[in-house]
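Please open the structure in the viewer and keep the selection panel at hand. The tour proceeds by successive selections, with a short note on each.

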Amino acid sequence: MKRVYNFSAGPSTMPEEVLKQAAEEMLCYKDSGQSVMEMSHRSPEFNEIITHAEELIREIMNVPDNYKVLFLQGGASTQFAAIPLNFMQKNRKADYIITGNWANKAYQEACKYGDCKIVANSKDKTYSYIPKTKREDFREDADYVYICYNNTIYGTLYPEIPDTGDIPLIADISSCILSEPLDISKFAMVYAGAQKNVAQSGLVIAIIREDMLGNAHPMCPTMLNYQVMAENDSLYNTPNCYGIYICMLVLEYIKKMGGLEEMQKRNIKKADLLYDYLDQSKLFNATVEKPDRSLMNVPFVTPNEELDKKFIAKCKENNIINIKGHRSVGGMRASIYNAMSYEGVEKLVEVMKEFEKENN
Ligand SMILES: *Cc1c(COP(=O)(O)O)cnc(C)c1O
């Protein structure tokens, strides 16, 4: 069977073991005589799946007891509106740090609902770094501060969680969830679209501190109201059942591998291999400043677009796909999520070395 090295930023490569298990159980989940896809979301079988998926998130991510874990729909982008509709309700103010397209889209959306302020911005250097902020930079009466923790397109990761004092901090962790341990207690909410490191697109995992709930705008659509979702254990309507099942399988796999410490160890090893090569290469260049480099998304360039194109073509010949940079930045980007093997990154570096030799 043909399997490529898929460096896509999302939807992205999945652990083969999980895909195999899902294939095995496609026609008959355990002894239910049905596929999970065919199952009532109110059935005892599915209840076990969603309950177990939540338990595993709590355990693996070390989620404190005063947080709700929700399975939502509409992808990460739907939360860009849901967040202000749920939380921008006391003073109608929110502060945003703009570190790339996703943070900017979230900001643009929130501007429809209240007074949003850009507190820091790294646009001046094409988002190649994370701006430093101090507690005093944020408005005291802001209802929340919003960040994008790992910037999928530009390849930056916050080297530390910004200090916002008592102001609730909300983070989009779509492209770094489950990649390394994260102190959830520092956040009022974290959320992630599943298609980078967990499951298929459409599904969102949201982890929300309970005291944040209950203040949604009266006009907030019911489907976007986090309190309604929490009261109904994510079963207000039919959830993305199959996505939640895949999520459970991936979490079981991560647990078996040794949890987030082990994921972090592996991810550092993979990222080091690639960054170390990039830093000594005379042809390829990493675009992000060292302290702010992502473990998950590694953008890089050659000296010109023509060589970029040629390199991407060479990758394809070597079974390496989706290595092209985001359309807004060009160059290349290797997304090396949990499910990308060390061997996959070795293969990429090998092809880069060859290309460098051929083109110097
Ligand atoms: C991919 C991504 C999104 C968008 O996710 P959708 O599920 O397509 O809406 C938002 N934020 C980040 C950080 C992402 O990587």
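Begin with N285 and V301: the latter, located in strand 12, is the bridge partner of N285. Bear in mind throughout that this is a predicted model.

Next, extend the selection to strand 11 and to strand 12, residues 297-301. Two bridges join this pair, and the sense of the pairing is antiparallel. Now add strand 14 to display the open sheet, whose three strands follow the order 11-12-14 with antiparallel pairing. Which strands form the edges? They are strand 11 (285-286) and strand 14 (332-335), each of which pairs on one side only.

Then move to the ligand and select the residues around it. There are 13 of them, and S77, T152, D172, Q195 and K196 come nearest. By class, the shell comprises seven polar, four nonpolar and two charged residues. Colouring by secondary structure is useful at this point: helix 3 (residues 75-87) supplies four residues, the most that is given to the shell.

Three side chains merit individual selection:

- S77: one of its polar side-chain atoms is 2.6 Å from a ligand oxygen atom.
- T152: a polar atom of this side chain lies 2.4 Å from an oxygen atom of the ligand.
- D172: an N or O atom in its side chain is 2.6 Å from a nitrogen atom of the ligand.

Finally, display the surface of the ligand. On its own, the ligand has 380 Å² of accessible area, and the protein covers 87% of that area.

Note on methods:
Residues numbered from 1 in each chain as written. Predicted model: local features only at pLDDT ≥ 70, side-chain atom pairs only at ≥ 80, totals over all residues. Heavy atoms only, no water. Near = heavy atom within 4 Å. Polar contact = N/O pair within 3.5 Å; in protein donor to acceptor, adjacent residues only side chain to side chain. Areas by Shrake-Rupley, 256 points an atom, 1.4 Å probe, with all protein chains shown as cover. Nonpolar A, V, L, I, M, F, W, Y, C, P; charged D, E, K, R; others polar. Pairing = 2+ DSSP bridges.
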